Amino acid sequence: MDLGLAGKVALVLGASRGLGAASARALAAEGAQVHAISRSGSVEDGALQGFAADLSIPQGVDALLSHIAAIGRVDVLVANTGGPRRGTAQGVPGSEWLAVFQALAVSQFRIADAVLPGMVKRGWGRIITIGSSGIEQPIPDLALSNAVRGSVAGWSKTLAAEVAKHGVTVNMVLPGRIDTDRLREGDASKARGSGLDLEHVQAASRAGIPAGRYGKPDEFGAVVAFLASVQASYVTGSMVRVDGGLIRSI
Ligand SMILES: NC(=O)c1ccc[n+]([C@@H]2O[C@H](COP(=O)([O-])OP(=O)(O)OC[C@H]3O[C@@H](n4cnc5c(N)ncnc54)[C@H](OP(=O)(O)O)[C@@H]3O)[C@@H](O)[C@H]2O)c1
């Protein structure tokens, strides 16, 4: 299927590794011109154009907004960044809540606001935010992520209704457990904390997934590319799970 992305300009955040990099690869494979943003600015694939910006701080977002102005046009935004630390809901300092809200929410809202006027003017655009299964089924010991991503979900759904009439769709993709650096670091941290060996922790984690395995980053990127496609023009305000059946609710 031709996804109609040839010649479209895509901006993918958190794209040097993991889910962002897989999304960037999938869009580039469909002929999109892809700008891949991360702190390092490194790219896995020569077809991608890297740019270094730390999206956890306002100055990094300012630098990216100048870069967006220089690019001149963005048709597809994949909003993503590194996830917060593990931990409980209790005892988080106010300054840390604010820092995580800045990194995961405010930065992405500001970047979306910068690309939306052009999308609305051209009558076509895609805003795709990478969330987490924790939005629909909170993950124990990931309170910062569960809490702040819930706010991002509220933003995404509200925005979807505002811009649908302009041909701009706004969706979230919810990863369950996809095999990336972050997932491996999380498993290693659980193994250290519990005193169990890593293989035991991973086997228990896989056993909780109906598919019986972790997802591959390319399986995730393919869903992002579909949501960016011309064919997905009537999909908006959705939460699309890529989780091998992990989330138990309907
Ligand atoms: N993998 C999963 O199964 C899963 C499940 C649920 C939710 N998630 C969430 O989905 C997001 C992506 O996950 P992932 O597994 O791909 O994570 P990852 O392997 O840690 O990759 C994160 C990417 O974001 C970039 N990044 C990190 N901090 C950044 C910053 N301050 N500014 C700009 N770029 C930054 C990293 O590159 P640099 O280091 O070069 O900056 C890297 O390219 C995370 O928020 C994660 O919590 C993932």
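How far is an oxygen atom of the ligand from a polar backbone atom of G83? In this predicted model, the distance is 3.3 Å, where a polar contact is a pair of N or O atoms within 3.5 Å. Two side chains join in: an N or O atom of S16 sits 2.7 Å from a ligand oxygen, and a polar atom of T180 is 2.5 Å from one. On its own the ligand has 890 Å² of accessible area (Shrake-Rupley, 1.4 Å probe), and the protein covers 92% of that.

The model is predicted, with local features needing pLDDT of at least 70 and side-chain atom pairs counting only at pLDDT 80 or more, while totals for chains, interfaces and linings use all residues. Residues are numbered from 1 along each chain as its sequence is written, and side-chain values use heavy atoms, leaving out hydrogens and water.

As for the shell, 28 residues surround the ligand (a heavy atom within 4 Å), and R17, T81, R149, I178 and T180 come nearest. By class there are 7 nonpolar, 14 polar (Gly counts here) and 7 charged residues.

The chain splits into domain 1 (9-178 + 219-242) and domain 2 (180-214), with bounds from an automatic or database domain assignment. Both domains give residues to the shell, so the ligand lies between them. Their C-alpha centres are 25 Å apart, and 10 residues of domain 1 are in contact (heavy atoms within 4.5 Å) with 11 of domain 2. About 910 Å² is buried between the domains, meaning accessible area (1.4 Å probe) lost on putting the two parts together, summed over both. Carbon and sulfur atoms give 47% of this buried area.

Definitions and conventions: Polar contact = N/O pair within 3.5 Å; in protein donor to acceptor, adjacent residues only side chain to side chain.
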